Amino acid sequence: MKNNTKTIGILLIIAAVALLIPYTMLTMRFDYPDILRKDTASVLQRFYEGGNSLIWTWFAFAVTGLPLIPAYMMMGQKLENKIPSVRTATMIGVIGLVVQMIGLLRWTFVIPVLADTFVNATDEATKAAAIVSFKTIHQFGGVILGEHLGQLFTIIWTLMMTYAFSKLKLMPKWVNVLGIVGSVIYLLAQAELFATVIKGFPVWDLAGFLGSTLWLIWLIIVGSVFIKRNDLI
């Protein structure tokens, strides 16, 4: 059980740190996520110019979270006998990870086709069709799956696990507070999704960045505690 505890911690830290690498590369090379606020033609043009290396960067961003799946499952198996709700939390967390991955993979297997079609189109009708297709795929794969369901389920998992950590006194109180604060801020980022379909919906632009950053920091800290503490359940 001790080795299992250490493995959970290592997987959490590896995934959290690994996610930062392709994300940072995307901010530098693709101006992500700010570029998504620009017109679709600019997004497709910029993506096309990024070439194969940008496609691989998006693929890395989509799959680097994979270590979290076994980490969630092992953590769930370790704690669910003490806190039954952890089993539900684990299911919610894994679903959140999977749908986020599916949403991100559109940038590897769908958007390249649309970008190529848009840039090399010889008539305006084809360009317009590529733009409409991008908006549809982005709204479904990105907004609904990746950002709404994926992030919402991740937030729910975090709050449920923070509750379990608190009940079992597995983490310092400040770590649990960080998890709650990060989750609340992350939840506020959902407003930006509703703003895509409801004009004038109030949005806090920094909520997504702050919430996700605090969540990754929380994840790394939780992983560190699991590694250091051999007396965990």
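This tour makes three stops in a predicted model: a pocket, a helix and a single asparagine.

**Stop 1: the largest pocket**

Start by selecting Tyr-32, Pro-33, Leu-36, Glu-147 and Gln-151. Among the 49 lining residues, these lie nearest the centre of the largest pocket. The space inside comes to about 1,400 Å³.

Now colour the lining by residue class. Nonpolar residues number 26, polar ones 14 and charged ones nine.

Which helix gives the most to this lining? Select α7, residues 124-168. It supplies 10 residues, the most to the lining of this pocket. Then add α1 (2-29), α2 (40-63), α4 (85-104), α5 (106-109), α9 (190-194) and α10 (207-228). Each of these helices brings at least two residues to the lining.

**Stop 2: helix α3**

Select residues 68-79. This is α3, with 12 residues. Check the span from its first C-alpha to its last: 16 Å, close to the 16 Å expected at 1.5 Å a residue.

Is α3 mostly covered or mostly open? Mostly covered: nine of its 12 residues are buried. Pick them out as Leu-68, Ile-69, Ala-71, Tyr-72, Met-74, Met-75, Gly-76, Lys-78 and Leu-79. Lys-78 is on that buried list, and so is Gly-76.

**Stop 3: Asn-176**

Move to helix α8, residues 173-188, and select Asn-176 within it. Why does Asn-176 count as buried? Because its relative accessibility is 8%, and the cut-off for buried is under 20%.

Finally, show what surrounds the side chain and backbone. Beyond its neighbours within four places in sequence, Asn-176 is in contact with Thr-162, Phe-165, Ser-166 and Met-171.

Note on methods:
Residues numbered from 1 in each chain as written. Predicted model: local features only at pLDDT ≥ 70, side-chain atom pairs only at ≥ 80, totals over all residues. Heavy atoms only, no water. Helix = DSSP H or I, 4+ residues; strand = E, 2+ residues; numbered from the N terminus. Expected span 1.5 Å × (residues − 1). Buried < 20%, exposed > 50% of the residue type's maximum accessible area, 1.4 Å probe, protein only. 1 Å grid on protein atoms, 1.4 Å probe; cavity = no way out; pocket = protein on both sides within 12 Å on 5 of 7 lines; lining within 4 Å. Points joined across faces, edges and corners; volume = space filled by probe spheres on them. Nonpolar A, V, L, I, M, F, W, Y, C, P; charged D, E, K, R; others polar. Contact = heavy atoms within 4.5 Å.
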